[in-house]
Amino acid sequence: MAWAAMATANGAGGKDNAAALQPSELTPPLEDMNVRWDGTEASGSGMKTFDSPRFGMVRDGGARAHTGVDLDAPVGTPIFAVADGVITLARYNDPMLGSDVLLMFRPTASMLTYLASVGSAAIDGVLFANYAHLSAVFVETGQRVARGTMIGRTGTSGNADQKYPHLHFEIRKTRFPGIGAAGLGNRIDPELMFKVDFSTPVEAVTRPK
Ligand SMILES: [Zn+2]
């Protein structure tokens, strides 16, 4: 698929590299790792074509970057610390990210080996997980958390589409790598670290019955 070629071109590695890292080394940010599905426009049915939920130059026909993955989840779904670490940011009013949390964590030795194998590296020996569009935040800046700690709940804050609640999730190599295409180089495709289920259309999860 085109996005995979993009990821390789960006130095983030392709899907084939995913097996190199054991996903069990990190706790998934959500228990149910469905992803917003790229729906097909079907006039009159209410369906729409979503912004691409995947990582890379995937929006507006490749003209615009998406710096994380969008994990489909009803408002209020618990989110978890992916690793032992320190909360370096917990805020409530970013215009784009809304309520979001930044978790600094130390990658394991095998994770560093994996990053090196795809031509990447952790800067200063740490990575940052960003959780955005939250409806609740249970942690404070400076707080230490253990892997698996519930740190908040999903929502639609910031610039998220109110009709399609999701967790925007990123893995960053620096605290604030910038937005858009310029920020991709200092981020890692989360799909390379987590198994993500693309099988369920977002409509099936969030559309009222
Ligand atoms: Zn997103």
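The following legends describe close-up views of a predicted model.

**View A. The largest nonpolar core and the strands that supply it.** This core comprises 37 residues, and those with the most contacts inside it are Leu71, Val82, Val101, Leu103 and Tyr131. Two or more residues are given to this core by each of the elements β3 (69–72), β4 (78–80), β5 (85–94), β6 (98–105), β7 (127–137) and β10 (166–172). The most is given by β7, which provides seven residues.

**View B. The surroundings of Val101.** Val101 is among the residues with the most contacts inside the largest nonpolar core. With neighbours within four places in sequence left aside, Val101 is in contact with Ile87, Leu89, Ala90, Tyr131, Leu134, Val137, Val139, Ile151 and Gly152.

**View C. The two sides of helix α2.** Helix α2 spans residues 109–117, and its buried residues are Met111, Tyr114 and Leu115. Seen down the axis of α2, these buried residues fall within an arc of 100 degrees, so they line one face of the helix. The face turned away from this buried side carries the exposed residues Ala109, Ser110, Thr113, Ala116 and Ser117. Gly119 follows α2 and has a positive phi, near 75 degrees.

**View D. Pro78 in strand β4.** Pro78 is found in strand β4. Because 15 other C-beta atoms lie within 10 Å, Pro78 is classed as partly exposed. Leaving aside neighbours within four places in sequence, Pro78 is in contact with Met150 and Arg153. Pro78 and Asp32 are 46 residues apart along the chain, and their C-alpha atoms are separated by 10.0 Å.

Conventions:
Residues are numbered from 1 along each chain as its sequence is written. This is a predicted model: local features need pLDDT of at least 70, side-chain atom pairs count only at pLDDT 80 or more; totals for chains, interfaces and linings use all residues. A nonpolar core is a set of buried Ala, Val, Leu, Ile, Met, Phe, Trp, Tyr and Cys residues joined through C-beta atoms within 7 Å. A residue is buried if 20 or more other C-beta atoms lie within 10 Å of its own, exposed if 12 or fewer, and partly exposed in between; C-beta atoms are placed from the backbone. Helices (H or I, at least four residues) and strands (E, at least two) are DSSP runs, numbered from the N terminus. Two residues are in contact if their C-beta atoms, placed from the backbone, lie within 7 Å. The arc is that of the directions from the helix axis to the C-beta atoms.
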